[in-house]
Amino acid sequence: MRFLHILGFALLLCGLCVRAEEETAEDKGDEKVEDSSEEDTEPEKPEKTDEITEEKDVLVLHSVNFDRALSENKYLLVEFYTPWCGHCRSLEPIYAEVAGLLKNGSSEVRLAKVEATEERDLAAEFNVDSFPTLKFFKDGNRQNVTDFSGKRTVKGITRWLERHTGPSATVLNDVKSAEALLDANDVVVVGFFQDLEGDKAKTFYDVTLIAVDVNFGITSNPELFKKYDVKSDSLVLFKKFDEKRADMPLAEESKLDKVEVISFIHTNSMKLVIPFNEENAEQIFSSKVRNHMLLFINTTVESQNALLEDFRDVASEFKEKVLFITLDVTSDKVDHVLKYFSVSANDAPIIRLINTEKVVTYAMEGSTINKDTLRTFCQGVQDGTVKPFLKTQEIPEDWNKNPVKVLVGKNFNKVAFDETKSVFVEFYAPWCGHCQQLAPIWDELGEKYKDHENIVIAKMDATENDVENVTIQGFPSIKFFPAGAEKKIVDYNGNRDLETFSKFLDNGGVLPEEESKDDDEDEGDDDDEDEVSDEPIKESPKSTNETSKDEL
């Protein structure tokens, strides 16, 4: 069963690298208005003036004082938010902390906020369609706005602002300055250009504003070209590990492509063998390499640490094809990882490989881990000769006792693809809040159809069981397996209430036309699921039929 994508995999495994998605302005803004009763009387609001007040060192802006804030501050980062947005509330203390640091440090940068539901014209002017959205203004220029693209942490916001307000690359004029930069950092990208004013150098500077976690240098000094054996315009990534450097020669006649440069930096700044921890999690899950080989080891056992040499050697052979990752089973932060892969600490050392795009797991057979077995296993997965590893619980003795049948990997195909039955299955996760909300309704549905001769209501814990060719991208997911020999799978996307479920089943696995029309009208409120994907998490109202993501 393919039920996890990259970020969801990270969340389920160890709760690392949670990056919340913005809420759509169209969906939520409209909802907020609709929630307000016409009979409610709002308190009278004070008249707006060009005076600028502050809340926790954050400037409070609106249509009347916005221009003044721009004119009085050389650099201004503005958050467009809404009071009902959970992720805006999560950002609030972080944003205030950064604002205080900047203000107390006499920085030229100030932080401000705009309540977008009150200031719809401002939100529209700056194309705000999700919350929170951060926009960066420089030199009071209202027309040239930069979207904030950094991490929403104190360090992430600070780092992004430093890069956008100061030198984004160190100009290297001599050997001494180059050596100082390389000695001070584990990874440095240096642009070697004959012309520092040329198009390639300008594109290079654009990249420095995107990859703010990387240190950059730039030079046109012939002495440095000679010292580092650079023959023509090139990018060189210097690192204190593995191959020590990676070169990207630039063709004289072609333009420098930002996407290619960022890919070059990301690929080559990663170690051949990456320890799985909070610091490296984002780097792992944002990689374009989708095959991840995991070595579970106990780092207190010397014989297991000795496996790293062979692991690293094979990693070099599969660079840019497979990420090689180690997980220390003694860490208290990998319990969910172990559970997900059906591995215990006592199983170490053991190998698993997961394709994070297809969300398919593979297990290496045998207990011998060396260059040959690693190479053979890795190549076999690449060639498609190794079959996926499918998890399953044991079949409960009472799986068929209650109106809602309990499915696991071992009995799924026999029940779901029974040619004489139409089977309606909820795929759930025990920790999923929306699955918990749905449970009593699903039990009612089971009770209603318990005596039906050819309709079966069932459920399966999708965190403990895999089924080949069944894709699960969020919780709860509901699928209909109609009777017949075709083995069809129908995704259920209607409202999650007893009445709509019943209409769907009584109509042969199709929603009546009026129900489908209602669903289309509510399209802005989709995804009442805990989605596990490489997309960030949306937040919406929390009821069975409203759109919402559970707190993972």
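**Figure 1. Phe80 of β4 faces Thr133 of β7 across the strand pair.** Let's start with this close-up of a predicted model. Phe80 in β4 sits opposite Thr133, which belongs to β7. The two strands, β4 and β7 (residues 133-138), run antiparallel and are held together over 6 bridges. Strands in a sheet pair through backbone hydrogen bonds, and the pairing can be parallel or antiparallel.

**Figure 2. On its β5 side, β4 has a parallel partner.** Here we look at β4 with strand β5 (residues 109-115), a pair joined by 7 bridges. Find Leu77 and you'll see Leu111 of β5 standing opposite. How do you get from one strand to the other? Helix α4 (residues 86-104) makes a β-α-β unit with β4 and β5, and that unit is right-handed.

**Figure 3. Strand β4 is largely enclosed by the rest of the structure.** Why can we call β4 (residues 75-81) largely enclosed? Because 7 of its 7 residues are buried. Side chains in a regular strand alternate between the two faces of the sheet. In β4, Tyr75, Leu77, Glu79 and Tyr81 point one way, while Leu76, Val78 and Phe80 point the other way. Whichever way they point, all of these residues are buried, Glu79 included.

**Figure 4. Six strands line up in an open sheet.** Zoom out a little and the strand order reads β2-β3-β5-β4-β7-β8, with mixed pairing. At the edges are β2 (53-55) and β8, each of which pairs on one side only. Going from one strand to the next, the twist averages 35 degrees. Strand β3 (residues 58-61) runs parallel to β5, and 3 bridges join the two. One place to spot this is Val60, whose bridge partner in β5 is Lys113. Helix α4 packs on this sheet and touches β2, β3, β4, β5 and β7. The direction of α4 makes about 150 degrees with that of β5. Helix α6 packs on the sheet too, touching β4, β5, β7 and β8. For α6, the angle with the direction of β7 is about 25 degrees.

**Figure 5. Asp213 and Lys151 form a salt bridge between two loops.** Side chains of opposite charge can pair when their charged atoms come close. In this pair, the closest N and O atoms are 3.3 Å apart. The link joins distant parts of the chain, with the two residues 62 residues apart. Asp213 is in the loop between α8 (199-210) and β11 (215-219), and Lys151 is in the loop between β8 (145-147) and α6 (154-165). Asp213 counts as partly exposed because its relative accessibility is 49%. Lys151, at 35%, is partly exposed as well.

**Figure 6. Another loop-to-loop salt bridge joins Lys319 and Glu243.** The closest N and O atoms here are 2.5 Å apart. Again the pair links distant parts of the chain, this time 76 residues apart. Look for Lys319 in the loop between α13 (307-317) and β16 (322-328), then for Glu243 in the loop between β12 (234-239) and β13 (245-249). Lys319 is partly exposed at 25% relative accessibility, and Glu243 is partly exposed with 37%.

**Figure 7. Arg375 and Asp372 pair up within helix α15.** How far apart along the helix are Arg375 and Asp372? They are 3 residues apart in α15 (residues 371-383), about one turn of the helix. Their closest N and O atoms are 3.3 Å apart. Is Asp372 buried or exposed? Asp372 is exposed, with a relative accessible area of 53%, whereas Arg375 is partly exposed at 27%.

**Figure 8. Some salt bridges join into a network.** This view shows four residues linked in that way: Asp50, Glu51, Arg68 and Glu72. Across the whole structure, a search finds 28 salt bridges.

**Figure 9. Phe504 is a buried residue of helix α18.** The helix covers residues 498-506. Phe504 counts as buried because its relative accessibility is 3%. Which residues does Phe504 touch, leaving out those up to four places away in sequence? They are Phe424, Phe480, Val490, Tyr492, Gly509, Val510 and Leu511. Gly494 lies 10 residues from Phe504 in sequence, and their C-alpha atoms are 8.4 Å apart in space.

Definitions and conventions: Residues are numbered from 1 along each chain as its sequence is written. This is a predicted model: local features need pLDDT of at least 70, side-chain atom pairs count only at pLDDT 80 or more; totals for chains, interfaces and linings use all residues. Side-chain values use heavy atoms; hydrogens and water are left out. A salt bridge is a side-chain nitrogen of Lys or Arg within 4 Å of a carboxyl oxygen of Asp or Glu. Helices (H or I, at least four residues) and strands (E, at least two) are DSSP runs, numbered from the N terminus. Buried means under 20% relative accessible area, exposed over 50%, partly exposed in between (1.4 Å probe, protein chains only). Contact means heavy atoms within 4.5 Å. Two strands pair if DSSP finds at least two bridges between them. A crossover is right-handed if, with the strands pointing away from the viewer, the path from the first strand over the helix to the second runs clockwise. Axes are lines fitted to C-alpha atoms, for helices over the stretch in contact, and angles run from 0 to 180 degrees between N-to-C directions.
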